[in-house]
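Colleague: Please take me through the pockets and the backbone of this one. I shall put short questions as we go.

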Amino acid sequence: MLTRRRALALAAALSLAPLTPALAQSVTLRSADIHPDGYPTVEAVKYFGKILDEKTNGKYKIQLFFSAQLGQEKETIEQTRFGVIDLNRVNTAPFNNLIPETAVLGLPFLFRSVDHMYKVVDGPLGGEIAKAFEPHGLIVLGFFDSGARSIYNSKRPIKTLADMKGMKIRVQQSDLFISMINALGANATPMPFGELYSALQTGLVDGAENNYPSYESVKHYEVAKYYSLTEHSMAPEVFVMSKMAWDKLSPGDQKIFKEAGAAATLKMRELWAARDAEAKAKVVKGGALINEVEKQPFIDAMKPVYDKFVTSEKMKSLVDRIKATQ
Ligand code: GTR
């Protein structure tokens, strides 16, 4: 965990004092993403910068550090909380242990469709979950799409629950995801995304779980060719701002940042649909073998996950209201 003192020392060492005025009236904001240039999340944040630039006559500039230049998600989240990084696009899963409300968004088989997920995150429930980030030093500017996550591995196609037995599956650094994979009879191994290609290659893990664009962008299909459509979680992406940077904005500029966040969210979802189809075609061409899965036993096996994570009245109420969202 990055302490406040370490974060400040790091900021000083890197000469990355937050909201550094580059020119007299221009402020540069640093934004992190583990995905490569061109990925829909990265492009959406560029678009966010464009809107900001237009609406504030160039007062704010975004400096985008893609491909994990500022570190893996767990580290950049800490740095964003302490104001070393101003903006960050991350998945909601690495927040699960810190902000329990975020876990509802990753719960297995909860969303009926991507549209259902959009309705939830774009409505009052999304607002409630976004509020839960604030005491942790973060302001949510938008929930981005991440499609559905499915399991891929180097050993065999997963067709039935029995095929999961004993598989070593990498998961994000989230107790919820560890619990999900273990509930399926496999062995969950949490690790940062950036370490996964070599872990698959060396056999440290047999597989992982993700959407097509992530499976494709870092070429995991080269080392784990069986992609089985479990579609077990739709944990969305989230675009956050450090509260330390946010608090320096005037109320008028805060409004513009929120508007630019909403515009970037729509842009991302539009880019996502195209990238998802492209990525699927690319992995198939690259030798990936995609198969359907008999889903009901996977759904049934997740009961212990709900029993473990949906215990408080707050979590129960969130889950009930998500189910009731039409
Ligand atoms: C991707 C997501 C990343 C990261 C990655 C992972 O789908 O966009 O932010 O969470 O999965 O599995 O670590």
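**Pockets, a cavity and some backbone details**

Colleague: Which elements each supply at least two residues of the lining of the largest pocket?

Modeller: Helix H5 (114–122), helix H6 (124–131), strand E5 (138–144) and helix H11 (251–285) each supply at least two residues of that lining. Helices (H or I, at least four residues) and strands (E, at least two) are DSSP runs, numbered from the N terminus. Please note that this is a predicted model, in which local features need pLDDT of at least 70 and side-chain atom pairs pLDDT 80 or more, while totals for chains, interfaces and linings use all residues. Residues are numbered from 1 along each chain, and side-chain values use heavy atoms, without hydrogens and water.

Colleague: Which element gives the largest share of that lining?

Modeller: The largest share comes from H11, with 5 residues.

Colleague: And how many residues line the largest pocket altogether?

Modeller: The lining of the largest pocket holds 15 residues. Those nearest the centre of this pocket are Val-121, Asp-122, Leu-141, Gly-142 and Phe-143.

Colleague: What is the volume of the largest pocket?

Modeller: The volume of the largest pocket is about 270 Å³. A pocket is an open set of points on a 1 Å grid over the protein atoms alone, with protein on both sides within 12 Å along at least five of seven lines; a cavity is a set where a 1.4 Å probe fits but cannot get out, and lining residues have an atom within 4 Å of a point. Points are joined across faces, edges and corners, and a volume is the space filled by probe spheres set on them.

Colleague: Moving on, what is the volume of the second largest pocket?

Modeller: For the second largest pocket the volume is about 160 Å³. Its lining has 13 residues, and Gly-147, Ala-148, Tyr-212, Glu-231 and Asp-276 lie nearest its centre. Strand E10 (226–233) and H11 are the elements that give two or more residues to this lining. E10 gives the largest share, namely 3 residues.

Colleague: Where does the second largest pocket lie with respect to the domains?

Modeller: The second largest pocket lies between domain 1 (4–91 + 136–145 + 236–276) and domain 2 (149–234 + 278–316), because both give residues to its lining. The domain bounds come from an automatic or database domain assignment.

Colleague: Glu-231 caught my attention. Where is Glu-231 found?

Modeller: Glu-231 belongs to strand E10. Although Glu-231 is not a glycine, its phi is positive, at about 45°. Most residues other than glycine have a negative phi. The relative accessibility of Glu-231 is 35%, so this residue counts as partly exposed; buried means under 20% relative accessible area, exposed over 50%, and partly exposed in between (1.4 Å probe, protein chains only).

Colleague: What about Asn-57: what is its phi?

Modeller: Asn-57, which is not a glycine, has a positive phi of about 50°. Asn-57 sits in the loop between helix H2 (40–55) and strand E3 (60–65). Because its relative accessibility is 73%, Asn-57 counts as exposed.

Colleague: Changing topic, how many cavities of 30 Å³ or more does the structure hold?

Modeller: The structure holds 1 cavity of 30 Å³ or more. The space in the largest cavity is about 190 Å³. Of its 19 lining residues, Ile-34, Glu-73, Arg-170, Gln-172 and Phe-193 are the closest to its centre. Helix H3 (73–81) and strand E4 (87–91) are the elements that give two or more residues to this lining.

Colleague: Which domains contribute at least three residues to the lining of the largest cavity?

Modeller: Domain 1 and domain 2 each contribute at least three residues to that lining.

Colleague: Back to H11. What comes just after H11?

Modeller: Gly-287 comes just after H11 and takes a positive phi of about 105°. Gly-286 lies in the loop between H11 and strand E12 (289–291). With 43% relative accessibility, Gly-286 counts as partly exposed. The C-alpha atoms of Gly-286 and Lys-219 are 9.1 Å apart, with these positions 67 residues apart along the chain.

Colleague: And strand E9: are its residues buried or exposed?

Modeller: The residues of E9 (207–210) are all buried. Gly-207 and Glu-209 point one way from the strand, whereas Ala-208 and Asn-210 point the other way.

Colleague: Last one: where is Ser-198 found?

Modeller: Ser-198 is part of helix H8 (residues 196–202). Its relative accessibility is 41%, so Ser-198 counts as partly exposed. Ser-198 and Val-27 are 171 residues apart along the chain, and their C-alpha atoms are separated by 38 Å.
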